[in-house]
Every structure is written in structure tokens, then in C-alpha cells.
Amino acid sequence: MELTDMELTLRLIQHDEVAFETLFRRYYHYLYSIAIQYVKDPNLAEDALQEVYLKLWTHRDQLDESQSLRNYLATAMRHQVLNVIRDEKRAILRHLNHQATQPRVDTTTEETLMLNEYGSVFLDGLRQLPAQRKLVFMLRSEQGLSNEEVASKLHISINTVKVHYYQACQFLRNYLRQHAGIEAILFLAASFWN
């Protein structure tokens, strides 16, 4: 007979490794689907998943068996992926850019289709920016240059850099709101408005 989450949580609190392995298998695909929805990159999703399970094991003494473990893990995963997005925004942008420029392949996986569509929408919005605004945005977001470094590189004032970057972010936020789902807006917000 399969143990309930409550029973497994009680065993986990008592340092039962078999209970942990059971919970790992039970929620692995569910949590992975949450992670990939946000970070889009399978490697980053896997890293986020491992981090959530590590925290589950490390903080098992603090679990409340009367609370839904599924909800607890889902909330922990959402917090973790927001941290990943904040910390790995350049890697995610590179991954999206790479995916969007790859030739379309016949695939039935929903994740791949969503990734291609999302990356394409983001790149379409980027292409509509005026040349200098786009350049400022790319130097700031993808290369991680400061306002001062961008100003020096482009021979423009720091205030001009700030205005271009702000206007690019506003335009892309509105463009994604009109052409993509909530995940795209969350991604952009977490990536560029920290």
C-alpha cells in the first residue's frame, strides 16, 4: 500500500532516507515541469530541482506534516526558479536566442514549442527597437555592462544610456504582454527589473 504524503513527511522528519527517495520520485516530474516553464533551459531546470530537494532534506526538521507537501514543494520551486532567473539571466537569454535561431524541427513536445514561440516573440520585440536603444539594451542585459561602461563604449552620456535602457524595457514589457503569456512577462520582470 502506497504511503500518503503525510506519512512520508513524518518519516522524513525522522531522517528516513527511503521516504525522501519516495518523495523525490513522486514529485520529480511535477517540479521539473514548473522549473522548465520558467527557466526554459533543461540544465537550469535540473539544477533548480536538485536545489529544492537539497533544501527539503536539509530543512526536514521544520516540515509540518499537516501541510500539503505538494504545495510546499511547488512554492519552494517557484522561489528557486526566480532566484535562478535573477542569477542566470544572461545564460537564459543566450539559450532563448540560440533556440529561436535554430531551424524549426518537427517536434511534439509542448516545452520545445513554447520555448521556440517565446524566444521568437522576445526576438521580434527586440528587432523593433531603434538601433541604438537595442544596442544599449543588449550591452546592459546580455553583456552585463554598467551604465558607465555602455556610455563610454558608445560615446554617449550616462543619462542617455539610462533613458534608452528604461524605454527598451518598457517597450519589451508591453510587447510581451500583447504577444506572449504571463511566463514571458514574469521572466522579463525577474531578469531586468531587479
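These legends go with close-up views of a predicted model.

**View 1. Helices α2 and α3 pack against each other in a right-handed crossing.** Two packed helices are described by the angle between their axes and the distance between the axes. Here α2 and α3 meet at about 140 degrees, and their axes are 9 Å apart. On the α2 side, the contact residues include Phe20, Phe24, Tyr28, Leu31, Tyr32 and Ile36. Among their partners in α3 are Leu44, Ala45, Leu49, Val52, Tyr53 and Trp57.

**View 2. Helix α3 on its own, with its buried side chains.** This helix covers residues 42-58. From first C-alpha to last, its 17 residues reach 24 Å, close to the 24 Å expected at 1.5 Å a residue. If you would like to pick out the buried positions in α3, look for Leu44, Ala45, Ala48, Leu49, Val52, Tyr53 and Leu56.

**View 3. An edge-to-face ring pair joins Phe20 and Tyr53.** A pair of aromatic rings is described by the distance of the centres and the angle of the planes. The model has seven aromatic pairs. In the pair shown here, the ring centres of Phe20 and Tyr53 are 6.1 Å apart and the planes stand at 85 degrees, over the 60 degrees needed, so the pair is classed as edge-to-face. Phe20 belongs to helix α2 and Tyr53 to helix α3, so this pair ties together parts that are 33 residues apart in sequence. Both partners are tucked away from the surface: Phe20 is buried at a relative accessible area of 17%, and Tyr53 is buried at 2%.

**View 4. Tyr28 and Tyr32 form a stacked pair within one helix.** Their ring centres lie 6.4 Å from each other, with 10 degrees between the planes. Both residues sit in α2, four residues apart, which is about one turn of the helix. Tyr28 and Tyr32 are both buried.

**View 5. A cluster of rings, with an arginine over one of its members.** Ring pairs join Phe20, Phe24, Tyr28, Tyr32, Tyr53 and Trp57 into a cluster. At Trp57, take a look at the neighbouring charge: the charged end of Arg60 sits over the ring, 3.8 Å from its centre.

**View 6. Another arginine over a ring: Arg140 and Tyr165.** Arg140 lies over the face of Tyr165, and the distance to the ring centre is 4.0 Å.

**View 7. Gln37 in helix α2, with Val81 for reference.** Helix α2 spans residues 17-39 and includes Gln37. With a relative accessibility of 26%, Gln37 counts as partly exposed. Gln37 and Val81 are separated by 44 residues in sequence, yet their C-alpha atoms are 9.5 Å apart in space.

**View 8. Two histidines with positive phi, His15 and His155.** Most residues other than glycine have a negative phi, and most peptide bonds are trans. His15 has a positive phi of about 70 degrees, and this residue is located in the loop between α1 (5-13) and α2. At 41% relative accessibility, His15 is partly exposed. For His155, phi is also positive, near 60 degrees. The loop that holds His155 runs between α8 (147-154) and α9 (158-179). Is His155 buried or exposed? His155 is exposed, because its relative accessible area of 72% is over the 50% cut-off.

Technical notes. Residues numbered from 1 in each chain as written. Predicted model: local features only at pLDDT ≥ 70, side-chain atom pairs only at ≥ 80, totals over all residues. Heavy atoms only, no water. Helix = DSSP H or I, 4+ residues; strand = E, 2+ residues; numbered from the N terminus. Buried < 20%, exposed > 50% of the residue type's maximum accessible area, 1.4 Å probe, protein only. Phe/Tyr/Trp six-rings, centres within 6.5 Å; stacked < 30°, edge-to-face > 60°. Lys NZ or Arg CZ within 6 Å of the ring centre and 35° of its normal. Expected span 1.5 Å × (residues − 1). Axes fitted to C-alpha atoms, helices over the stretch in contact; angles between N-to-C directions. Left-handed = near helix turned anticlockwise from the far one by under 90°. Contact = heavy atoms within 4.5 Å.
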